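This report goes through a single protein chain, moving from backbone details to a helix, the core and the side-chain pairs. Please keep the sequence and the structure in view while reading.

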Amino acid sequence: MQLLIDNYISDTALNTRCFLLSSTTQQMDRLIERGEFFASLYQKLSNIHLCIPSVNEYPEEIPAIAQSFIGMYNEQLGKDVIGFERSALEIMKNQYFHHNLRQIEQTVKQLVLSCEGFYITKDDVLHAFQSKEDVNVPQILIDLSKPLDEIERRIIQHVLVEENMNQSNAARRLGISRSTLWRKLKCIDD
């Protein structure tokens, strides 16, 4: 297929009269080195490089992204889902999305379709992730290049989700008092 596309672009001079847009989640340098992608096709397609980070690098954006898909699927599926419960959003934020936006969209579609009330609950989200073969119940993704307080915030949120938002159990697991956890949560919310 690459050969056909490469020849088509060359024969029609398509890349000299049109802008071509292509994207990948692969590291193209490695594919070319291994001979899995034609260098000549890559040169025709790669005039400007835009590196768009994974949604996993910005978990605080996941709630807004998920909410935008709810509106779209409400309309398509004839549903009236208003949004997510707070604990459900925490699970979404702590989930690692291997397939980036596509996986968030498919997950929200499944959640809207299966939602029986007005809000998507924590149990709905847990069930959606448990039913997927390639995704385990929330994995924690910690970017160690972030400041310590950001890393601590992610760990606290993850433990809270795993403890079903029970602050006493989460504090015990984190090895801190409940009042210390409460103060840390207050700093997170501010």
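At 26% relative accessibility, does N100 count as buried, exposed or partly exposed? N100 counts as partly exposed, because 26% falls between the limits of 20% for buried and 50% for exposed. The model discussed here is a predicted one.

## Positive phi values

N100 is placed in helix α7. The phi of N100 is positive, about 55°, although N100 is not a glycine.

A13 also has a positive phi without being a glycine, with a value near 55°. This residue sits in the loop between α1 (2-12) and α2 (14-17). A13 counts as partly exposed because its relative accessibility is 31%. A positive phi is found for G78 as well, near 65°, and G78 follows α5.

## Helix α5

Helix α5 covers residues 62-77, which is 16 residues. At 1.5 Å a residue it should span 22 Å, and the distance between its end C-alpha atoms is 22 Å, so the expected and modelled spans agree.

Which residues of α5 are buried? They are I62, P63, A66, F69, I70, Y73 and N74. Viewed down the axis of α5, the buried residues fall within an arc of 145°, and therefore they line one face of the helix. The elements that cover these buried residues include the strands β1 (83-84) and β2 (119-120), together with the helices α6 (86-94) and α7 (100-114).

## The largest nonpolar core

In soluble globular proteins, nonpolar side chains tend to be buried together. In this model the largest nonpolar core has 23 residues. The members that touch the most other members are F84, M92, I104, V108, I120 and V125. At least two core residues come from each of α5, α6, α7 and α8 (122-130). Helix α5 supplies the largest share, five residues.

What does V108 touch, leaving aside residues up to four places away in sequence? V108 is in contact with A66, F69, I70, F84 and M92. Of these, A66, F69 and I70 are among the buried residues of α5, while F84 and M92 are, like V108, among the core members that touch the most others.

## The aromatic pair

One aromatic pair turns up in a search of the whole structure. The ring centres of F97 and F129 are 5.9 Å apart and the ring planes meet at 65°, so the pair is edge-to-face. The cut-off behind this assignment is an angle over 60 degrees.

The two rings link distant parts of the chain, with their positions 32 residues apart in sequence. F97 belongs to the loop between α6 and α7, whereas F129 belongs to helix α8. Both residues are buried.

## Salt bridges within a helix

The whole structure holds five salt bridges, and three of them are described here, starting with two inside helices. In helix α6, K93 pairs with E90, and their closest N and O atoms are 3.5 Å apart. The two residues are three apart in sequence, about one turn of the helix. Both K93 and E90 are buried.

In helix α9 (residues 148-162), E150 and R153 are likewise three residues apart, about one turn of the helix. Their salt bridge has its closest N and O atoms 2.5 Å apart. E150 counts as partly exposed because its relative accessibility is 23%. R153, at 14%, counts as buried.

## A salt bridge between helices

E152 forms a salt bridge with K184, with 2.9 Å between the closest N and O atoms. This pair links distant parts of the chain, 32 residues apart: E152 lies in helix α9 and K184 in helix α11 (residues 178-189). E152 is partly exposed, with a relative accessible area of 33%. K184 is partly exposed too, its relative accessible area being 25%.

## The loop before α5

E60 lies in the loop between α4 (39-45) and α5. With a relative accessible area of 41%, E60 is partly exposed.

How far apart are E60 and E90 in sequence and in space? They are 30 residues apart in sequence, and their C-alpha atoms are 9.5 Å apart. E90 is the salt-bridge partner of K93 described above.

Key
Residues are numbered from 1 along each chain as its sequence is written. This is a predicted model: local features need pLDDT of at least 70, side-chain atom pairs count only at pLDDT 80 or more; totals for chains, interfaces and linings use all residues. Side-chain values use heavy atoms; hydrogens and water are left out. Helices (H or I, at least four residues) and strands (E, at least two) are DSSP runs, numbered from the N terminus. The expected span of a helix is 1.5 Å times one less than its number of residues. Buried means under 20% relative accessible area, exposed over 50%, partly exposed in between (1.4 Å probe, protein chains only). The arc is that of the directions from the helix axis to the C-beta atoms. Contact means heavy atoms within 4.5 Å. A nonpolar core is a set of buried Ala, Val, Leu, Ile, Met, Phe, Trp, Tyr and Cys residues joined through side-chain atoms within 4.5 Å. Rings of Phe, Tyr and Trp (its six-membered ring) pair if their centres lie within 6.5 Å; planes under 30 degrees apart count as stacked, over 60 as edge-to-face and the rest as tilted. A salt bridge is a side-chain nitrogen of Lys or Arg within 4 Å of a carboxyl oxygen of Asp or Glu.
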